[in-house]
Amino acid sequence: MSVTTNVKHQNLLIAAIAFGIILNPLNTSMITVALPEIKNEFTLSANDITWLIASYFIVCAIFLPLIGKLSDFYGRKKIFLSGLLLVSISSFAAPLSQNMTFLLGMRAIQAVGTSALYPAGMGIVRSYIEKNQNRVIGALTVCATTSAAFGPTISGLLIQQGGWHVIFYVNFPIIIISAILGVFFIPKDEQITTKTFKWDGMGIIIFSCLISLWIYFLQTLKSGISLWALIGSLALTLLFYFFEMRKVEPFIDVMFLKKNLNISFVYFQYIFATLIFFAMLLSMPMYLQSVLMLSSKLTGMIMLSLSVFSIISTPLATRWIEKSRYKAPLLTGVLIGIVGVVLLMTIKHSSPLYWIFLVLSIIGFSNGMLNIGLQTLLYSFVSKSETGTASGLFLMSRFMGNILASTVFGLMFATGVNDTNLNWMTIILIAVSLILFSGILFITKNKAANGYSRA
């Protein structure tokens, strides 16, 4: 029976995907609150903690495009359920860690598993959900955004009860629900091809090295520019580009991205949009607690403005896109974001809490519109058979934005958390917002000119 003809089955399929894809953003943000306990238990330095976070980003950045291609090639249900299995293994073993090395290994397995869920899940949605597909994608986007924003609040409550280990156990109810629904309500994979998947092993190795070196370079900027790291990063980037150009089946199809500039621009704009949002998630809790001296509970309540208003704007933007296409909703979203970021300049230690809440709400509202707008715009440029690959690269772009946001945060607050440094960070975010506006203006103009959508 076709899933699209049975509303009950369709809803359960969507639920299976929703529970799966929240695991990646949830585990990205939950660990931030656990870092002080982990640091004390394993006697870690600040640099060790930085790499505990960065290593997760590196693994996700590597495996998202790879697993996206694997899901398109071997079948999305297989990849989705395999991802849940890997998250289960890592979530069980990570709390048993006796040293930093073992914990890093379990986090790496967790990153691989959660990286499988988003591209495979989106591929399943595009293959089997025909009615109101954009609204379904919008709802899934809300789930991912909300889980990331709620992660610190959830982990804060859990850690008070059972220590940092509990943040891994909280995954199990989500995994179990997603797995049961997935087994019964995601249709069996159809035979896509009889060809053998060709691994671009050298491409993966070069990409892994260049991502790791770029992160090292960015993480050490606060101590000055490391010339060897900069030269090495640029050299590896060029090597990767020219190596992949010559591959028949490359790890990342750089020629495809070069020929399809619209798709490449979507990824770049998503990096910038994520940079702004994640910079807020990183900086504002510390600012509220260190400068305004708020409790963690009150800080969490104020930070919810980002996710709540992102939830509100997503369905509104989805319906607007269905009626008016992409240009007006995306440009409106980025303009609202510029207003919100500019208003950050007005926040200082004497600002009333309602004003801070309002400014963060504006930025959250903008993020919701941009998130769903860029995602649906991307899928209008790619075929259903390419969804896994495209989704993997899209989520990889989010992690690039996360990495850049953490770099901006580290550089701007290296000398302390205060009004002056917040203003300097805001100036950077205003510049990023203006670049984002220019890029979206360009890509939506091209979209209107092309006037096509690939099925």
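Select F168 first: in this predicted model, F168 is buried, with a relative accessible area of 2%. Add W164 to the selection; W164 is likewise buried, at a relative accessible area of 0%. Display both side chains and view the two rings together. The ring centres of W164 and F168 lie 6.2 Å apart and the planes meet at 80°; an angle over 60 degrees counts as edge-to-face, so this pair is edge-to-face. Next, bring in F42, which forms one aromatic cluster with W164 and F168. In total, the structure holds 10 aromatic pairs.

For another of these contacts, select F265 and F442. Their ring centres are 4.7 Å apart with the planes at 40°, so this pair is tilted. Colouring the chain by element shows what the pair connects: F265 belongs to helix 12 (residues 261-290) and F442 to helix 17 (residues 419-450), and the two residues, 177 apart in the chain, link distant parts of it. Are these two rings buried or exposed? F265 is partly exposed, with a relative accessible area of 27%, and F442 is also partly exposed, at 37%.

Now move to helix 10, residues 227-245. With 19 residues at 1.5 Å a residue, helix 10 should span 27 Å, and its end C-alpha atoms are indeed 27 Å apart, which agrees. Within helix 10, select A229, G232, S233, F240 and E244, which are buried. Rotate the view to look down the axis: the buried residues of helix 10 fall within an arc of 100°, so they line one face of the helix. The general geometry is helpful here: an α-helix has 3.6 residues a turn, so residues three or four places apart point the same way.

Turn to the face of helix 10 directed away from the buried side, and select L227, W228, I231 and L238; these residues are exposed. Then return to the buried side and display helix 9 (201-219) and helix 11 (254-259), which are among the elements that cover the buried residues of helix 10.

The last stop is the second largest pocket, with a volume of about 870 Å³. Which residues lie closest to its centre? Of the 24 residues in the lining, they are F207, F268, I271, M396 and M400. To view the surrounding framework, show helix 9, helix 10, helix 11, helix 12 and helix 16 (387-412), the elements that each give two or more residues to the lining of this pocket. Helix 10, visited above for its buried face, thus reappears here as a contributor to the pocket lining.

Notes:
Residues are numbered from 1 along each chain as its sequence is written. This is a predicted model: local features need pLDDT of at least 70, side-chain atom pairs count only at pLDDT 80 or more; totals for chains, interfaces and linings use all residues. Side-chain values use heavy atoms; hydrogens and water are left out. Rings of Phe, Tyr and Trp (its six-membered ring) pair if their centres lie within 6.5 Å; planes under 30 degrees apart count as stacked, over 60 as edge-to-face and the rest as tilted. Buried means under 20% relative accessible area, exposed over 50%, partly exposed in between (1.4 Å probe, protein chains only). Helices (H or I, at least four residues) and strands (E, at least two) are DSSP runs, numbered from the N terminus. The expected span of a helix is 1.5 Å times one less than its number of residues. The arc is that of the directions from the helix axis to the C-beta atoms. Contact means heavy atoms within 4.5 Å. On a 1 Å grid over the protein atoms alone, a cavity is a set of points where a 1.4 Å probe fits but cannot get out, and a pocket is an open set with protein on both sides within 12 Å along at least five of seven lines; lining residues have an atom within 4 Å of a point. Grid points are joined across faces, edges and corners, and a volume is the space filled by probe spheres set on the points.
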